[in-house]
Amino acid sequence: MSQLQLGLGVLGGVVLVAMLGYYLWLAGKSRPRQPDFVPTNATDPFGREPTLDVESLGGASEEEPGFAIPLPEKKPGLDALIDVIAPIALEAPVSGDAVLAALPPTRRVGSKPFAVEGLNAATQHWESPQNGQRYTQLQAGLQLANRAGALNDIEYSEFVMKAQSFCDVLNGTPDFPEMRREVNRARELDLFASDHDAQIGFALRARRSAWSPSYVQQMAARLGFVPGSMAGRMVLPGASGPVPVLSLNFDTQAALAEDMSQSALRELSLALDVPQVERAERAFARMCEVAQALAKEMDGVVTDDGGVPLPTEALEVIAAELEQLYDTLDQHGLSAGSTLARRLFS
């Protein structure tokens, strides 16, 4: 073999090695980021991961007691502010068992929730019917408006028929309010709700490397998020009440993949349903802090839904507008996070 052939062979080998190294580097670079696994040790018998500073975010860490989504609250009672209410006169007190047996199989009229309440003979409080109790009066109600729109003539007529059928079983006499007045009230309430609704969303986009779902879950858990009711959803529990302060969402299919380490995510969404969360939770401030913390740790950028980065000035304007919204809701008896607000803005 000549010197030339030997030199060419060595050069070819060097090129192949260089190309192999390049492709291995490229494959590693394009692989989604994976979570860090910390082994169990003597100082932490549960093998928990190191956490970010969540105290500054106002959230709870995984090591604090009571780290769980709050239990759902009891169903709120009917209220003349957001419900049509039809009193039902009874010939004699009725048992809760009889009332429950007479209720219609579906508790909705169109898109609006239908409910019946009874005046408890022992406590003299209005409540949802319960077995073993007796009721001296009843009332049927239908919500005037929600995010699906205002009560209309057809829905009101269906409410009357449903409530009348219920009364016939119990020998009760309903007193229905005038339809036109209630439909007009529903339209006014719906207009107010439409003008004072606010659902805020941020997008978190990867700058370079994509993220695996398990990596996202680990990073979010360090800030106090827990798994939500659906795949690809995590929520930040509040200090009280059944509604989470924030939700973090990503692709459902990626979350359901058999091998999540191979799924690549390049975008997450962070959402706040303003009327559903109490003002005291500082929801928007915490949303901004969470978004910035995730962006820093995950090498991402916070944008609006259109992909435009959000400057500090824009966030300050939104915060000021939300304070005005909170004030308005308070003045109308629909404070953010109250049971009435949660019903109306649902």
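These notebook entries record what I looked up in a predicted model of one protein.

**Entry 1: The whole chain**

I began with the overall make-up. The protein has 346 residues, and 40% of them count as buried. I listed nine helices and 15 strands. I then looked up the accessible surface, which comes to about 18500 Å², with 56% of it belonging to carbon and sulfur atoms. Next I turned to contacts between residues with a separation of 6 or more. Of these contacts, 72% are accounted for by residues 24 or more positions apart.

**Entry 2: Helix 5**

I asked how many residues of helix 5 are buried. Helix 5 spans residues 213-221, and eight of its nine residues are buried, so I noted the helix as mostly covered. The buried residues are Pro213, Ser214, Tyr215, Val216, Gln218, Met219, Ala220 and Ala221.

I then asked which elements the buried residues of helix 5 pack against. Three strands are on the list: strand 12 (233-236), strand 13 (246-249) and strand 14 (267-273). Helix 6 (252-256) and helix 7 (283-298) are also on the list.

**Entry 3: Salt bridges**

The structure holds 15 salt bridges. I followed some of them residue by residue.

The side chains of Asp83 and Arg343 form a salt bridge, at 2.6 Å from N to O. This pair links distant parts of the chain, as Asp83 is in strand 1 (residues 83-90) and Arg343 is in helix 9 (residues 339-344), 260 residues apart. I checked whether the two partners are buried or exposed. Both Asp83 and Arg343 are buried.

Asp299 forms a salt bridge with Arg208, and their closest N and O atoms are 3.0 Å apart. Asp299 lies in the loop between helix 7 and strand 15 (300-303), while Arg208 lies in the loop between strand 10 (199-206) and helix 5, so the pair ties together parts that are 91 residues apart in sequence. I wanted to know why Asp299 counts as buried. Asp299 counts as buried because its relative accessibility is 15%, and the cut-off for buried is under 20%. Arg208 has a relative accessibility of 53% and therefore counts as exposed, the cut-off for exposed being over 50%.

Arg279 forms a salt bridge with Glu323, with the closest N and O atoms 2.9 Å apart. Arg279 lies in the loop between strand 14 and helix 7, and Glu323 lies in helix 8 (residues 312-331), so this pair ties together parts that are 44 residues apart in sequence. Arg279 is partly exposed, at 31% relative accessible area. Glu323 is also partly exposed, at 39%. I noted further that Arg279, Glu323, Asp327 and Asp330 are linked in a network of salt bridges.

**Entry 4: The second largest pocket**

I turned last to open space in the model. Rolling a probe the size of a water molecule over the atoms shows where empty space is left. The second largest pocket holds about 150 Å³ of space. Its lining residues are Gln199, Arg233, Val243, Pro244, Val245, Leu246, Ser247, Ala271, Leu272, Asp273, Gln276 and Val277.

I asked which element supplies the largest share of this lining. Strand 14 does, with three residues. Strand 13 and strand 14 each supply at least two residues of the lining. Sorted by class, the lining has seven nonpolar, three polar and two charged residues. Strand 13 and strand 14 had already appeared in my notes on helix 5, whose buried residues pack against both.

Conventions. Residues are numbered from 1 along each chain as its sequence is written. This is a predicted model: local features need pLDDT of at least 70, side-chain atom pairs count only at pLDDT 80 or more; totals for chains, interfaces and linings use all residues. Side-chain values use heavy atoms; hydrogens and water are left out. Buried means under 20% relative accessible area, exposed over 50%, partly exposed in between (1.4 Å probe, protein chains only). Helices (H or I, at least four residues) and strands (E, at least two) are DSSP runs, numbered from the N terminus. Contact means heavy atoms within 4.5 Å. Accessible areas come from the Shrake-Rupley method with a 1.4 Å probe; for residues, only the protein chains shown count as cover. A salt bridge is a side-chain nitrogen of Lys or Arg within 4 Å of a carboxyl oxygen of Asp or Glu. On a 1 Å grid over the protein atoms alone, a cavity is a set of points where a 1.4 Å probe fits but cannot get out, and a pocket is an open set with protein on both sides within 12 Å along at least five of seven lines; lining residues have an atom within 4 Å of a point. Grid points are joined across faces, edges and corners, and a volume is the space filled by probe spheres set on the points. Ala, Val, Leu, Ile, Met, Phe, Trp, Tyr, Cys and Pro count as nonpolar, Asp, Glu, Lys and Arg as charged, and the others, Gly among them, as polar.
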